Amino acid sequence: MLQVYLDPCTVNSRKVLAGLDLLGTQYELKHINYFTGEHKSPEYLKINPNGTVPSASDGPDFNITESNAILQYAADLNGSIYYPKDLKARANVNRWLLWEASVWFPSCYVYLVEYVVKPLLKSEPDQSIIDAQAPKWNQLASVLDAQLAKTKYLVGDEVTIADIAVAAPMHLHKASRLPVDQHPNLKRWMTQIEKLPAWQKTQGAVENALLPETNVKPGEVRANFNYTKDVDKPTEIYFYESEAAKDIHEPGDDPREMTVTDGWERNRVTPFTADKEGFSVHSFKTQYNKWENEANVRELFYPEVVEFVKKTTGARRVLVFDHTIRTKANAAKPITQETDTTKRAPVMLVHCDYTAESGPIRVQQLLGDEAKDLLSRRVAFFNVWKPLGTVEERPLAMCDVTSAPADDFFKLYLRYRDRNGENYVMRYSAKHKWWYFPKMEADQVILLKTYESRPDVARFVGHTAFEDPTSPPDAKIRESVEIRTIAFF
């Protein structure tokens with residue numbers, strides 16, 4: 001019986017497994033762990049001195065070391081319609097097998113490494129590498145697209161081992177961000193390949209090994225987060241109509257799908273703290289409910305927040321200086337609207353409200369002559385985020401500060417008619433750890449650290465609202481109040 005040595009997650013190993021299944025070949029699988037380097041072991045190098053997978057053996061003195069050669073040999077063991085005997089038809093299959101190995105696999109592999117392997121290893125993709133490869137990949141894809149405009153499969157109306165071989169480098173085309181949509185016949189063909197039982201049987205091993213984030217664990221969801229690209233010009237938002245706002249670089253232009261973890265159980269065992277993770281969650285009971293009356297909020301609710309922040313943080317003095325009511329119902333309100341600014345939609349942008357420079361400036365703006373003395377000691381800004389009812393949609397998520405070094409933040413310039421301000425936005429990192437607290441109630445709050453003068457504790461927490469995929473279609477619109485405070489120690 002044919003023995004095959006491979007790790008099912010690699011491109012060429014998966015090719016062989018799917019091809020053998022298509023051919024109906026009987027074989028014995030010998031698992032070679034690619035990630036532990038077993039393919040470089042002395043025992044395996046006796047079978048394949050190249051130190052690559054897959055390999056196959058048929059008897060003690062016969063080894064095959066190339067994936068396409070394994071399929072060709074297996075097809076001829078008992079004869080197969082998937083590797084035709086007709087010389088011209090076979091030559092047509094062979095040319096695609098050679099084409100795949102020589103040019104198609106190397107081109108697709110660039111995308112796989114940058115967008116799948118590097119994030120798996122907690123490394124960042126290099127866009128310059130993708131940009132350099134893109135013309136070559138699209139040229140090769142155009143060759144396939146032109147052929148598939150004429151035939152259902154690569155060599156005619158029936159699938160062959162050529163189809164399996166050429167599809168294999170695309171086996172994670174979505175995660176690899178291959179621009180398949182630009183080539184409609186190629187896209188149609190790949191959809192057909194993905195419906196083959198032989199293909200479907202071998203997809204799970206690939207995804208389990210290379211896309212662990214798609215196998216969402218209990219207490220986790222996958223959701224889109226709007227990060228920002230760090231470009232060669234300032235990132236800005238204008239809060240008023242201006243000609244200067246044309247052709248600016250706006251934030252949120254790098255959406256990424258991230259895992260968000262339910263923080264309730266972790267908080268029960270080991271509570272989050274604003275000085276370590278950058279946020280904490282607390283009980284906050286209040287009878288106050290007149291949120292539409294801004295003056296009333298300031299007069300009656302602000303004092304409650306002052307006492308809460310003092311008690312929670314140990315600050316000797318707390319100043320509440322602003323608040324915002326957030327609801328999706330305000331989503332249509334233009335960002336340039338300069339009135340009724342306490343009512344806004346949830347912010348769907350990874351950001352932090354202050355920077356190392358804008359925090360002290362805000363203290364000076366608010367407290368004038370007192371500022372110098374206050375800034376000589378520890379100062380921290382805290383947002384108190386409180387839902388006004390059960391949160392059923394667009395919850396708040398926080399990026400654990402222990403996973404987000406200072407270099408992940410860069411400035412967003414806020415242009416107001418009478419002044420300029422600064423926030424931080426964040427560049428994407430696969431290392432970011434996101435938390436949220438689903439189904440928060442009105443008697444609970446999240447304390448967010450948005451500025452900190454001490455260098456030895458969490459200083460800035462990235463946060464954002466996000467579309468929770470588990471929210472029911474009829475979810476009640478989220479309403480929350482965000483109270484901004486400065487704590488002096």
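These legends describe close-up views of a predicted model.

**View 1. Helix H10 is kinked at Phe301.** Helix H10 covers residues 294-313. The kink is about 40 degrees. The proline Pro303 follows shortly after the kink. At the start of H10, look for Asn293. One of its side-chain oxygens comes to within 3.3 Å of the backbone nitrogen of Ala295. Just after the helix comes Gly314, with a positive phi of about 85 degrees.

**View 2. Strands help to cover the buried residues of H10.** The buried residues of this helix are Asn296, Val297, Phe301, Tyr302, Val305, Val306, Phe308 and Val309. Phe301, the site of the kink, is thus on the buried list. The cover includes strands E8 (279-283) and E9 (317-327). It also includes E12 (379-387), E17 (444-452) and E19 (479-488).

**View 3. Ser107 is a buried residue in helix H4.** Helix H4 spans residues 87-120. Ser107 has a relative accessibility of 2%, so it counts as buried. Leaving aside residues up to four places away in sequence, Ser107 touches Gln133, Lys136, Trp137 and Leu140.

**View 4. Tyr34, Phe35 and Tyr109 make a nonpolar surface patch.** The patch has an area of about 300 Å². Phe35 sits in the loop between strand E2 (27-31) and helix H2 (42-45). Its relative accessible area is 47%, so Phe35 is partly exposed.

**View 5. A cis peptide bond joins Val53 and Pro54.** Omega is about 10 degrees here. Pro54 belongs to the loop between H2 and strand E3 (55-57).

**View 6. Lys122 has a positive phi without being a glycine.** The angle is near 60 degrees. Lys122 lies in the loop between H4 and helix H5 (127-148). With a relative accessible area of 42%, Lys122 is partly exposed.

**View 7. Arg394 has a positive phi and a salt bridge to Glu467.** Phi of Arg394 is about 50 degrees, although this residue is not a glycine. The salt bridge between the two side chains is 3.2 Å, N to O. It links distant parts of the chain, 73 residues apart. Glu467 is in the loop between strand E18 (463-465) and E19. Arg394 is in the loop between E12 and strand E13 (396-399). Glu467 is partly exposed at 43% relative accessibility, whereas Arg394 is buried at 13%.

**View 8. Asp322 and Arg484 form a salt bridge.** Side chains of opposite charge can pair when their charged atoms come close. Here the N to O distance is 3.3 Å. Asp322 lies in strand E9 and Arg484 in strand E19, so the pair ties together parts that are 162 residues apart in sequence. Asp322 is partly exposed, at 24% relative accessibility. Arg484 is buried, with a relative accessible area of 10%.

**View 9. Lys187 and Asp181 meet in a salt bridge.** The N to O distance is 2.9 Å. Lys187 is partly exposed, with a relative accessible area of 39%. Asp181 is exposed, at 60%.

**View 10. Four residues share a network of salt bridges.** The linked residues are Asp275, Arg378, Lys449 and Glu452. The count for the model comes to 30 salt bridges.

Methods:
Residues are numbered from 1 along each chain as its sequence is written. This is a predicted model: local features need pLDDT of at least 70, side-chain atom pairs count only at pLDDT 80 or more; totals for chains, interfaces and linings use all residues. Side-chain values use heavy atoms; hydrogens and water are left out. The bend at a residue is the angle between axes fitted to the seven residues ending there and the seven starting there. Helices (H or I, at least four residues) and strands (E, at least two) are DSSP runs, numbered from the N terminus. Buried means under 20% relative accessible area, exposed over 50%, partly exposed in between (1.4 Å probe, protein chains only). Contact means heavy atoms within 4.5 Å. A polar contact is a pair of N or O atoms within 3.5 Å; within protein, one must be able to donate a hydrogen and the other to accept it, and residues adjacent in sequence count only if both atoms are side-chain atoms. Patches are made of residues with over 30% relative accessible area and no salt bridge: like charges are joined within 9 Å, nonpolar side chains (Val, Leu, Ile, Met, Phe, Trp, Tyr) within 5 Å. Accessible areas come from the Shrake-Rupley method with a 1.4 Å probe; for residues, only the protein chains shown count as cover.
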